[in-house]
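User: I am beginning to study protein models and would like to work through one with you. Please explain each term when it first appears.

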Amino acid sequence: MKHILTILLIAFTIGLSAQNYVEHKVQPGETVEIIAKKYLVTPFDIYALNPDAKNNFKTHSVLIIPNSKIKNEPIVENSRELTGYKSHKVKRKETIYSITKQYGISEEELKKANRRLYSENLIKGDKLRIPQYRTIISKQTLSNTVKKYTVQPSEGKWRIAYKFGISVSELEDLNPNMNEVIQPGDTLNVPNIEDTDEKPIEASYGYYEVLPKETFYGLKGKLNLTQEQLEQLNPDLKTSGLKAGMVLKIPQSSETRIAATINSNINTTDLKRNLTNFKTKKIALMMPYQLHKIDVDSVEEAKDRIKNNKLLSIVLDFHVGVLMALDSAKQLGISTNLKVFDTRYHSAITSKLLAENDFSDYDAVIGPMQEESFDRVASALKGDRVPVIAAMNKPKQVYSNVFQTLPEDKLLRKTMLDFIKADSLKVQVVIISDRANKADSEALQKQFPGSKLILSRLDKKNKTKDAFFIYHSELQNVFKPGKTIVFLETDNDSFASSVISMLNGFNVDKTEIILTTLKKGKAFESKDIDNINLSNLKFHYASVHRDYDESKTNGFVKAYRKEYGVTPSKYVARGFDITLDLLMRLASAENLYEASGDTVETEYIENKFRYTTDFFGGYVNQAVYVVKFDDLKVVEAK
């Protein structure tokens with residue numbers, strides 16, 4: 001009730017009007033960040049008008065949203081004054097998160113009042129001090145931070161972020177529909193600062209975005225610039241210090257130094273040398289086994305279900321990989337207490353598992369696979385800082401306790417683009433695209449001055465939707481002696497098959513065609529595409545995983561074949577890699593957070609992992625491969 005009264009009081013004080021503010025009713029699944037993007041404002045703007053939303057954000061509550069066109073409007077902000085404490089005895093299954101929600105306080109406020117919670121877990125029977133506050137209403141003037149900006153020639157995301165004093169992530173959050181590669185003339189939302197406060201962009205300098213946990217010492221090795229030199233170029237550093245996401249002005253020589261090392265091998269961390277924490281690891285594995293659908297008394301029926309149920313087959317393969325990792329970890333002295341939960345691929349069952357089990361003392365939880373179920377687990381365990389591993393999915397929200405093992409698609413595209421740009425030889429670039437990928441391909445063309453773009457035609461006689469094609473004659477006289485990089489951008493398997501076949505015909509004599517793409521989807525896995533053609537064209541693409549090298553698998557493949565008589569699938573390898581990496585990180589530090597700095601890169605059978613913190617605090621894997629077809633094998637491209 002008090003929160004409703006607070007919102008009404010704010011609305012009355014500022015004189016809510018249709019042209020200056022709007023009301024928004026929070027829908028299920030929405031976050032403050034999602035709502036901010038929808039109205040083209042920042043989360044700060046929403047919190048300024050709705051201070052209770054910081055600690056009590058609920059579905060169906062009503063928020064006041066500022067109009068992004070106004071600025072310097074007087075608004076009301078609430079502050080909280082501590083009035084005393086009340087006592088609370090911890091009950092079974094209660095977590096820090098549930099207690100803070102019950103009393104409408106933040107986790108930090110609870111821990112400040114009970115300092116042992118910074119280092120100790122919550123235990124049933126604990127007596128806690130719950131701080132009590134009263135709300136003080138004050139009036140102040142703030143500026144709405146959003147205005148429109150037109151991208152100028154030679155401006156990229158880093159330069160614009162630097163110009164307006166924000167990070168690239170914040171720029172992307174203000175512009176959810178922004179293209180991966182922005183173009184002159186594009187209109188973007190930017191902070192609404194005075195023109196005189198905008199930092200000038202100088203063509204003679206480069207710009208660099210500071211990574212999470214990056215230090216001046218680390219930048220010295222990467223940029224060859226001392227702290228004093230960086231502060232001289234960026235005076236704000238003297239007062240603000242080094243912060244993740246900020247964009248720094250640097251000499252072009254330093255920018256070139258970064259580009260030259262993009263594809264150099266980052267030293268892989270051998271965690272075997274760092275194992276110090278041999279306490280038994282408590283791990284939960286939450287997967288949709290759907291055992292209730294399997295008649296365990298009928299072997300033939302169970303076999304038939306496994307054979308015909310693709311999801312179950314994937315889950316069981318992953319499970320086998322997990323068990324193999326536990327065995328490998330045990331040989332290193334790492335013991336594991338693994339508990340398996342069947343989520344049945346149903347969010348209600350997942351909620352029931354959370355209610356009936358105490359996960360507060362687990363070292364990590366792997367899964368679930370279903371998006372809504374994963375979100376519920378991550379959200380419920382966030383208060384106890386239990387890491388939740390997104391092993392087979394990309395969660396819709398990366399909470400502060402989430403480890404997303406699958407890299408983002410935009411990172412795959414950037415990695416492939418940087419790989420091609422790093423080629424020191426002057427090569428011809430040709431882009432072939434279907435009409436559905438026209439905009440992205442036109443943006444790609446601007447990355448390679450002098451490149452040629454060939455767009456598909458639409459076969460109007462073919463009633464099949466999106467029947468794209470190009471004429472053989474359109475490729476004649478396109479390829480000159482020497483090397484040509486061909487980007488093929490399509491999601492259409494028949495178009496991909498046709499183009500790849502034609503390219504193979506032009507790949508003769510002194511003409512070398514290297515095929516690549518920024519987005520390798522199912523179109524390149526069609527049964528109509530001959531792997532011989534892909535090998536002849538040395539097809540390159542960015543990938544989450546690589547095919548394992550049997551000479552470096554330390555008996556993994558041999559052991560699996562001996563046990564099951566077949567070669568392990570990529571899901572077996574993924575279950576093994578994720579679990580062994582998790583256990584070794586836990587054994588090399590006090591917890592998974594301490595073991596996941598962005599300088600730690602690990603590699604196993606088919607996958608590698610290097611985590612950086614997401615804009616909202618979670619961890620996202622930044623380690624990807626560039627692979628190529630070579631002699632009918634997929635190998636890592638160097």
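User: How much area does the protein expose?

Analyst: This is a predicted model, in which local features need pLDDT of at least 70, side-chain atom pairs count only at pLDDT 80 or more, and totals for chains, interfaces and linings use all residues. Residues are numbered from 1 along each chain as its sequence is written, and side-chain values use heavy atoms, with hydrogens and water left out. Accessible areas come from the Shrake-Rupley method with a 1.4 Å probe, and for residues only the protein chains shown count as cover. Carbon and sulfur atoms supply 49% of the exposed area, and the whole comes to about 33,000 Å².

User: What percentage of the 638 residues is buried?

Analyst: A residue is buried under 20% relative accessible area, exposed over 50%, and partly exposed in between (1.4 Å probe, protein chains only). By this rule, the buried portion of the 638 residues is 48%.

User: Is I420 buried or exposed?

Analyst: I420 belongs to helix α16, residues 409–421; helices (H or I, at least four residues) and strands (E, at least two) are DSSP runs, numbered from the N terminus. The relative accessibility of I420 is 11%, and therefore I420 counts as buried.

User: Which residues does I420 touch, not counting those up to four places away in sequence?

Analyst: Contact means heavy atoms within 4.5 Å. One partner, T516, is 96 residues from I420 in sequence, yet their C-alpha atoms are 9.1 Å apart in space. The residues touched by I420 are F448, I485, F487 and T516.

User: Which element gives the most residues to the largest nonpolar core?

Analyst: A nonpolar core is a set of buried Ala, Val, Leu, Ile, Met, Phe, Trp, Tyr and Cys residues joined through side-chain atoms within 4.5 Å. The largest one has 44 residues, and M287, F318, I366 and L582 have the most contacts inside it. At least two residues each come from β9 (281–287), α13 (310–331), β11 (364–366), α20 (556–564) and α21 (570–587). With 10 residues, the element that gives the most is α21.

User: Which residues does the cis peptide bond join?

Analyst: P368 sits in the loop between β11 and α15 (371–381). The cis bond has an omega of about 0°, and the residues it joins are G367 and P368.

User: Is N477 buried or exposed?

Analyst: N477 is located in the loop between β17 (468–469) and β18 (482–489). Its phi is near 65°, a positive value in a residue other than glycine. Because its relative accessibility is 79%, N477 counts as exposed.

User: What is the phi of D509?

Analyst: D509 lies in the loop between α18 (493–506) and β19 (511–516). At 80% relative accessibility, D509 counts as exposed. Although D509 is not a glycine, its phi is positive, at about 50°.

User: How many residues lining the second largest pocket are charged?

Analyst: On a 1 Å grid over the protein atoms alone, a pocket is an open set of points with protein on both sides within 12 Å along at least five of seven lines, and lining residues have an atom within 4 Å of a point. The lining of this pocket has 37 residues, of which K520, E525, V544, H545 and K570 lie nearest its centre. Ala, Val, Leu, Ile, Met, Phe, Trp, Tyr, Cys and Pro count as nonpolar, Asp, Glu, Lys and Arg as charged, and the others, Gly among them, as polar. The lining divides into 17 nonpolar and 7 polar residues, while the number of charged residues is 13.

Notes: 1 Å grid on protein atoms, 1.4 Å probe; cavity = no way out; pocket = protein on both sides within 12 Å on 5 of 7 lines; lining within 4 Å.
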